[in-house]
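Please look at how the ligand is held in the structure shown here. The paragraphs after it go through the surroundings of the ligand.

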Amino acid sequence: MTIQNNLFIDGEFVDSEDRSRIPVLNPHDNSLITEVAEAKKADVDRAVEAARRAFPAWAKLAAADRGLLLLKLADAIEANADELAKLESIDTGHPLRDTRGLDVVRTAVTFRYFGGMADKVQGSVVPVEQGFLNYVLREPIGVVGQIVPWNFPPMFTSWKMGPALAAGNTVVMKPAELTPLSTLKIAELARKVGFPKGVINILPGYGNIAGQYLAEHPGVDKIAFTGSTATGRKVVQASAGNLKRVQLELGGKGANIVFDDAFLPAAINGSAFAIFHNQGQACIAGSRLILHEKIADAFLEGFLKLARSIRLGNPLDADTEMGPLTSQLHRDRVLSYVKVAKEQGGEILLGGKSPERDDLARGCYVEPTVVRAKLADRVSQEEVFGPFVSVTTFRDDEEVLAIANGTDYGLGGGLWTTNLQRAHRIAGAMRSGMVWINCYKRVNPGSPFGGIGKSGYGREMGFEAMHDYTEAKSVWVNVDAKIPPWYPR
Ligand code: NDP
């Protein structure tokens with residue numbers, strides 16, 4: 001396996017100007033995988049200049065030709081899927097069955113979707129007053145800065161890069177310093193399939209240095225960010241200097257509601273997927289289980305049994321169902337919420353600790369954790385971002401909506417019921433960018449992804465995302481209008 005550990009600027013893998021390096025660890029045992037070059041301000045300047053130089057020719061290229069390169073990149077990712085999945089598993093701790101079965105597949109599918117869309121996004125003609133033609137062009141914005149977190153690195157790379165490139169923008173992307181390897185690998189494949197120099201630039205580095213400077217940079221026309229709400233706020237402030245466009249995909253506190261008429265086996269399995277897949281490190285995780293009091297005991301019996309049976313282990317083992325969290329710091333942060341829960345009267349129903357197993361002792365593991373908590377408790381309000389679910393009960397529709405809508409977030413939420421009317425009524429009343437009925441955490445490159453409130457603004461995926469990476473230019477033509485002189489003389 002070849003591991004790229006340099007910055008990717010202007011079509012070349014290069015060291016950072018001051019040669020600083022960041023250790024990249026395998027969260028299974030905290031062993032060193034490699035040391036990656038750390039981008040500083042001078043490197044951000046170099047990358048933005050390269051993207052700026054590349055922009056005019058890339059924007060002018062026929063949309064179908066831009067699309068073709070994205071299609072070739074999707075093929076290259078599929079051809080290298082085994083290697084990418086392994087790299088991702090050692091870098092992030094996601095089990096191989098997830099990285100090979102979901103993450104890498106979705107990455108290729110997303111690049112392919114936007115490759116196909118490149119020449120489908122059209123302008124329009126507006127029916128204005130007689131004698132005039134008014135047409136609207138969809139033009140690329142320019143140089144786009146993109147900041148990607150550590151929870152789904154290759155997928156988020158494709159979600160951000162796909163529409164930006166298809167629309168004719170050039171990209172400077174900063175992956176999280178914890179997990180830069182798959183994004184760098186994608187850059188290597190992009191170079192191989194023939195992306196022109198400077199169109200894609202990748203800068204591993206620290207958020208508060210390279211990320212902050214990218215968000216401030218006067219040469220960047222738009223910044224797209226996925227991460228915490230607190231950092232999203234900093235990105236907005238940093239963007240103010242040149243009033244660049246901002247797109248934010250922030251945290252969530254997903255309400256996962258189970259009604260008393262739900263088909264319980266599916267609800268139990270789907271709810272476990274909603275919170276435990278990816279060790280709960282997902283902005284759309286179903287991190288609040290809200291159970292109708294009539295079925296709460298039966299549901300919990302099955303849910304706890306399933307959670308207890310989830311196989312923790314080395315992400316590279318084929319039968320591992322849950323790997324470690326992505327860093328030691330994050331594991332400690334997640335475990336600190338156990339104390340927080342207890343202090344506020346929460347009851348730990350399962351887990352709440354690292355597994356007591358010698359083979360996992362050096363890694364960042366946390367057992368599936370289930371906590372009974374009240375709506376106002378911090379564990380029901382704050383994003384824990386781990387295999388940690390809070391449980392509460394409700395009596396009727398009015399109460400369940402008050403609970404579901406009772407946080408500042410509004411990203412994703414789900415409900416389980418066999419009552420058709422209730423399903424649509426509750427989905428309509430949930431304050432949330434996405435709702436799943438009798439399923440959870442479904443995503444597709446055609447379906448808009450994003451939230452409201454403190455979960456951010458703007459949408460990824462679909463036509464929405466493509467439009468968010470373009471500016472509308474309105475052109476007026478006097479075809480045969482008789483315009484009376486404004487200053488008759
Ligand atoms: P952050 O929001 O700090 O990090 C997300 C990304 O932003 C990373 O690439 C990070 O870089 C970068 N970043 C950090 N500071 C700045 C800055 N000042 N300007 C620009 N970019 C910056 O999340 P954390 O990693 O600290 O995780 C904390 C919590 O955030 C999690 O527990 C979770 O609740 C939430 N989170 C939500 C995510 C989501 O998908 N919505 C994703 C990640 C986290 P670097 O890591 O290199 O420092």
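Ala, Val, Leu, Ile, Met, Phe, Trp, Tyr, Cys and Pro count as nonpolar, Asp, Glu, Lys and Arg as charged, and the others, Gly among them, as polar. By these classes, the shell around the ligand has 11 nonpolar, 12 polar and 6 charged residues. The model is predicted: local features need pLDDT of at least 70 and side-chain atom pairs pLDDT 80 or more, while totals for chains, interfaces and linings use all residues. Residues are numbered from 1 along each chain as its sequence is written, and side-chain values use heavy atoms, with hydrogens and water left out.

In total 29 residues surround the ligand, each with a heavy atom within 4 Å of it. Trp 150, Glu 177, Ser 228, Arg 333 and Glu 383 are the closest. Among the helices and strands (DSSP runs of H or I, at least four residues, and of E, at least two, numbered from the N terminus), α7 (207-216), β10 (222-226), α8 (229-239) and α11 (328-343) each supply at least two shell residues. The most come from α7, with 4 residues.

Backbone N or O atoms also approach oxygen atoms of the ligand: one of Val 148 lies at 3.0 Å and one of Gly 205 at 3.1 Å. For Gly 207, a polar backbone atom is 2.9 Å from a ligand oxygen.

Notes. Polar contact = N/O pair within 3.5 Å; in protein donor to acceptor, adjacent residues only side chain to side chain.
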